[in-house]
Amino acid sequence: MSRTNILSSFIAVRDTFFLEVSIGITANAFLLLFHILSFFLTHRATSTSLTIGHLALKHLVMLITIGFIATDIFESRELWDDITCKAVIYSYQVMRSLSLCNTCLLSILQAITLSPRSSCLAKFKHTSSHYNISGFVFLWVFNLSISAHFLLSTVATKNRTSHSLIVVTKSCSLLPQSYLPRHTISMLWIFRDVFLIGLMAISSGYMVILLCRHNRRSQHLHKTSLSPRASPEHRATKTILLLMSVFVFLYLMDCIVFSFSGLWWKNDPVHVCVQMLVGNGYATIGPLLFISSERRMIKLFKSMWEKESKCSIVP
């Protein structure tokens, strides 16, 4: 491939990435604002609603952080210092880890919400909301701890000429680690990811079974021509199942792209752009799925818009 083709491919993928980040920031801000307004207007929030709002907040911070990282990769003119590098890289890794944990928690909570009264999960329906704050605190402490090695290994690139550094951006690099700490951390991350994705698969399978049972019962209770509307719980379940599928697909794609591109952005900037595009796709697609399936959200903002229009007309 010629240098001109590489440059044009790089610019196209880079612009697509910044467009993705812009859409993701807007969608997550919109979703977070909806859940904040609905809480203040109704003075109550379900465990699923709190988890979705928490997920939107983390994705919002993650996309803003990756925007800073991308700017330093593609367009930076001033190098960052050690503190800035540590704060940005550490924050991004924590948000990515929390995104995985929060998505798993969301699938489990929805499975509890959908479970019938005869199920062993039914007893958690009324108590799950009481443990939300404790669950969020545990997730934050766990992910802040497991990502703490980035605070030690991330350094500013300026005034460092060692070829052993792993370059992340123009300003920031990772110090090489010895064999035992590196593989211990890798095994912890792999175990966490496999465990959480396994929980998502189990809860998703359980929800699919419940939905199939519900559809069979509906066929007995209604004529096929009537096509009864699904309840809000079932619509939310289908959205979350779609969200799980998107997450697993993009997670596998991220692993594949990462295995080919590595962390050395300067060797092939096009691969790095593709990796960042895929790695942050879930944070952009997720809120769009929630917004498109949430009728209350559309009605709330529509009513607010109508009230604002009436107030502006009245002299």
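Of the 315 residues in this chain, 43% are counted as buried. The model is a predicted one, and the tour below goes from the whole chain to single residues.

**The whole chain**

Start with the full chain shown as a cartoon. There are 10 helices and 3 strands to find. Followed from the N terminus, five helices come before the strands, and the order reads α-α-α-α-α-β-β-β-α-α-α-α-α. Now switch on the surface. The chain exposes about 18400 Å², and 68% of that area is supplied by carbon and sulfur atoms. With contacts displayed, consider those with a separation of 6 or more: residues 24 or more positions apart account for 80% of them.

**The disulfide**

Select Cys85 and Cys172 next. A disulfide joins these two residues, with 2.1 Å from S to S. A search of the whole structure finds 1 disulfide. Which parts of the chain does the pair tie together? Cys85 sits in helix 3, residues 82-114, while Cys172 belongs to strand 3, residues 172-174, so the link ties together parts that lie 87 residues apart in sequence. Turn the view to look along the S-S bond: the angle about it is -85°, and the link of Cys85 and Cys172 is left-handed. Cys85 and Cys172 are both buried, so hide the surface to see them.

**Two other cysteines**

Move to Cys101. Why is there no bond from Cys101 to Cys104? The closest cysteine sulfur to that of Cys101 is in Cys104, but it is 7.5 Å away, which is too far for a bond. A disulfide needs the two sulfur atoms within 2.5 Å. Cys101 has a relative accessible area of 4% and is therefore buried. Then select Cys212. This cysteine has a relative accessibility of 36%, so Cys212 counts as partly exposed.

**Helix 2 against helix 9**

Colour residues 47-74, which form helix 2, and residues 281-293, which form helix 9. The two helices pack at an angle of about 145°, and their axes are 10 Å apart. The crossing of helix 2 past helix 9 is left-handed. To see the contact itself, show side chains. On the helix 2 side, select Ile52, Leu55, His59, Met62 and Leu63; they meet Tyr282, Ala283, Thr284 and Phe290 of helix 9. How do the residues of this contact divide into nonpolar, polar and charged? In the contact of helix 2 with helix 9, 7 are nonpolar, 2 are polar and none is charged.

**Thr71**

Stay on helix 2 and select Thr71, which lies in that helix. Is Thr71 buried or partly exposed? Its relative accessible area is 35%, so Thr71 is partly exposed. Add Phe18 to the selection and draw a distance between C-alpha atoms. Thr71 and Phe18 are 53 residues apart along the chain, and their C-alpha atoms are separated by 9.5 Å.

**Trp189**

The last stop is Trp189, in helix 6, which covers residues 179-221. Trp189 has 18% relative accessibility and so counts as buried; the cut-off for buried is under 20%. Which residues does Trp189 touch, leaving out those up to four places away in sequence? Select Gln93, Ser97, Ile146, Ser147, His149 and Phe150 to display these contacts of Trp189. For one of these residues, Ser97, draw the distance to Trp189 between C-alpha atoms: 9.2 Å separates them, and they are 92 residues apart along the chain.

Conventions: Residues are numbered from 1 along each chain as its sequence is written. This is a predicted model: local features need pLDDT of at least 70, side-chain atom pairs count only at pLDDT 80 or more; totals for chains, interfaces and linings use all residues. Side-chain values use heavy atoms; hydrogens and water are left out. Helices (H or I, at least four residues) and strands (E, at least two) are DSSP runs, numbered from the N terminus. Buried means under 20% relative accessible area, exposed over 50%, partly exposed in between (1.4 Å probe, protein chains only). Contact means heavy atoms within 4.5 Å. Accessible areas come from the Shrake-Rupley method with a 1.4 Å probe; for residues, only the protein chains shown count as cover. Axes are lines fitted to C-alpha atoms, for helices over the stretch in contact, and angles run from 0 to 180 degrees between N-to-C directions. A crossing is left-handed if the near helix is turned anticlockwise from the far one by less than a right angle, and right-handed if clockwise. Ala, Val, Leu, Ile, Met, Phe, Trp, Tyr, Cys and Pro count as nonpolar, Asp, Glu, Lys and Arg as charged, and the others, Gly among them, as polar.
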